[in-house]
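Welcome to a short set of exercises with worked solutions. Keep the viewer open and try each task before you read on.

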Amino acid sequence: MKTLIIANNNKLSSSSLFTFRPILQSPAKKASILLATLSLCLCSAKGYSQIIDDIGGIGLTSHTKASFKDMPSSDTNPDTKFQLNTFDAWIPLPPVTIGKTTIFSNLNYRYMDFNYDNNQVESPDQIQKIQEIKSVIIVRHPIAPKWSILAIAMPTIASDTKRGISTEDLILDGILGVSKRFGRNNNLEIGFGVHAMYSYGDLLITPGISIDYHSNDNKWLAQFYWPRLNVLYSLTPKTQVGIAGSIDWTRFNLKNYISKDKEVDYAQFSSIHAGLQVHQQLFKNITLQVQAGMGLGNSYELFDTNQKTVTKYSISTMPYAKISLSYRMGKR
């Protein structure tokens, strides 16, 4: 998802990622674990190797109308078409330096609004408005000229807020790893580590690898933090064009709902975004970013208290457009 520290917050690179787990209850569970792991690898990598530093900004993403492909209709729910609009905002917190150790942190807010063509009755099957607050805290300590130890904490609260917000809405993420820079100009950086995530009574442990590259003349920037792809080419010192891709997911608490005679513990909305992007510097530190593309492989999934799938709905393809303004520190 869109999270980094003193870096670009956009859900905006060759790497490989493997997950392991003694028992996986279902294919849906495997997908959820994979999505969670991929997101963490993105956050950890961007925190220490992002070339473009967007330390604060706001963004709006608008999708065309979509519909649940396999949700049954009824008299109270004759049409399940909706339009998803997402608002993002991110701000940095002051960095702290203790000896050689540096601590960075930032705060991210996301609001997802699902606007339906018809009024919907309150139901866990009808995702409506989701709010997410995420903080990323990164501790970096150099151990050699090109090596650093990293520790990342990423607590997240996501909820539909219908029943208020509590500790049951909290997801705890953490990662411990190292990174190394390569090349005479340190223009290639590879990071790897061990990640742990605890959400809704489930503990996940996975490894991850990320790669970050920029050309010596700074014309090309290529980042592939699975599942984020970001490639940019500088047409002029103020204009960049390229491609962007990501797997975006949001999971949130839905306790006390009943769906298909089963209690729903939490839900997850997932989408794969791929498109073209343009970055244009407007003023000294203000950059306009425009992106357009397709939202593919969309789904909405409900889970019970045992982390098993209750219901999973596929969602039609959603073309999207995204615009954001960020305060950019510049290139390293």
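Rings of Phe, Tyr and Trp (its six-membered ring) count as a pair if their centres lie within 6.5 Å. Please keep in mind that the model you are looking at is predicted.

**Exercise 1: Aromatic rings**

Task: Find out how many aromatic pairs the whole structure holds, then classify the pair of F68 and F82 as stacked, tilted or edge-to-face.

Solution.
Step 1. Searching the whole structure gives eight aromatic pairs.
Step 2. In the pair of F68 and F82, the ring centres are 5.3 Å apart and the planes make an angle of 40°.
Step 3. Planes under 30 degrees apart count as stacked and those over 60 as edge-to-face, with the rest called tilted. The pair of F68 and F82 is therefore tilted, at 40° between the planes.
Step 4. Now locate the partners: F68 sits in the loop between β2 (66-67) and β3 (81-98), while F82 belongs to strand β3. They are 14 residues apart, and their pair links distant parts of the chain.
Step 5. Check the surroundings: F68 and F82 are both buried.
Step 6. Finally, follow the ring pairs outward. They join F68, F82, F114, Y116, F269, Y300 and Y313 into a cluster.

**Exercise 2: Salt bridges**

Task: Count the salt bridges in the structure. For D113 and K129, decide whether each residue is buried, partly exposed or exposed.

Solution.
Step 1. There are four salt bridges in the structure.
Step 2. One of them joins the side chains of D113 and K129, with 2.6 Å from N to O.
Step 3. D113 lies in strand β4 (residues 101-116) and K129 in strand β5 (residues 129-144), 16 residues apart, so this is a link between distant parts of the chain.
Step 4. A residue is buried under 20% relative accessible area, exposed over 50%, and partly exposed in between. D113 counts as buried because its relative accessibility is 13%. K129 counts as partly exposed because its value is 40%.
Step 5. Use the same cut-offs on the salt bridge between E189 and R181, which has an N to O distance of 3.7 Å. E189 is buried because its relative accessible area is 5%, and R181 is partly exposed because its relative accessibility is 25%.
Step 6. Next, look at D248 and R228, whose closest N and O atoms are 3.0 Å apart in a salt bridge. This pair connects strand β13 (residues 239-259), which holds D248, to strand β12 (residues 228-236), which holds R228. The two residues are 20 apart along the chain, and both are buried.

**Exercise 3: Strands and their turns**

Task: Work out how β3, β4 and β5 are paired, then do likewise for β9, β10 and β11.

Solution.
Step 1. Begin with the overall inventory: the chain has one helix and 17 strands.
Step 2. β3 and β4 run antiparallel and are joined by 15 bridges. V96 stands opposite I103 of β4. Two residues lie between the strands of this hairpin, where G99 has a positive phi near 65°.
Step 3. β4 is also antiparallel to β5, with 12 bridges between them. Here Y109 has I133 in β5 as its bridge partner.
Step 4. Move on to β9 and β10, an antiparallel pair with 12 bridges. G191 is partnered by S210 in β10. This hairpin has two residues between its strands, and Y200 in the turn has a positive phi of about 50°.
Step 5. β10 pairs with strand β11 (residues 220-225) in the antiparallel sense, over four bridges. Y213 has A222 in β11 as its bridge partner. Five residues separate the strands in this hairpin, and N218 takes a positive phi near 65°.

**Exercise 4: The surface**

Task: Which residues form a nonpolar patch on the surface, and is I165 buried or exposed?

Solution.
Step 1. Of the 332 residues in the chain, 52% are buried. The accessible surface of the chain is about 14800 Å², with 63% belonging to carbon and sulfur atoms.
Step 2. The patch consists of I91, L93, L107, I133, I157, I165, L170, L172, V194, Y198, L203 and I205, which together have about 990 Å² of accessible area.
Step 3. β3, β8 (170-182), β9 (188-199) and β10 (202-214) each contribute at least two patch residues.
Step 4. I165 is in the loop between β7 (156-159) and β8. I165 counts as exposed because its relative accessibility is 53%.

Definitions and conventions: Residues numbered from 1 in each chain as written. Predicted model: local features only at pLDDT ≥ 70, side-chain atom pairs only at ≥ 80, totals over all residues. Heavy atoms only, no water. Buried < 20%, exposed > 50% of the residue type's maximum accessible area, 1.4 Å probe, protein only. Pairing = 2+ DSSP bridges. Patch = residues over 30% accessible without salt bridge, like charges linked within 9 Å, V, L, I, M, F, W, Y side chains within 5 Å. Areas by Shrake-Rupley, 256 points an atom, 1.4 Å probe, with all protein chains shown as cover.
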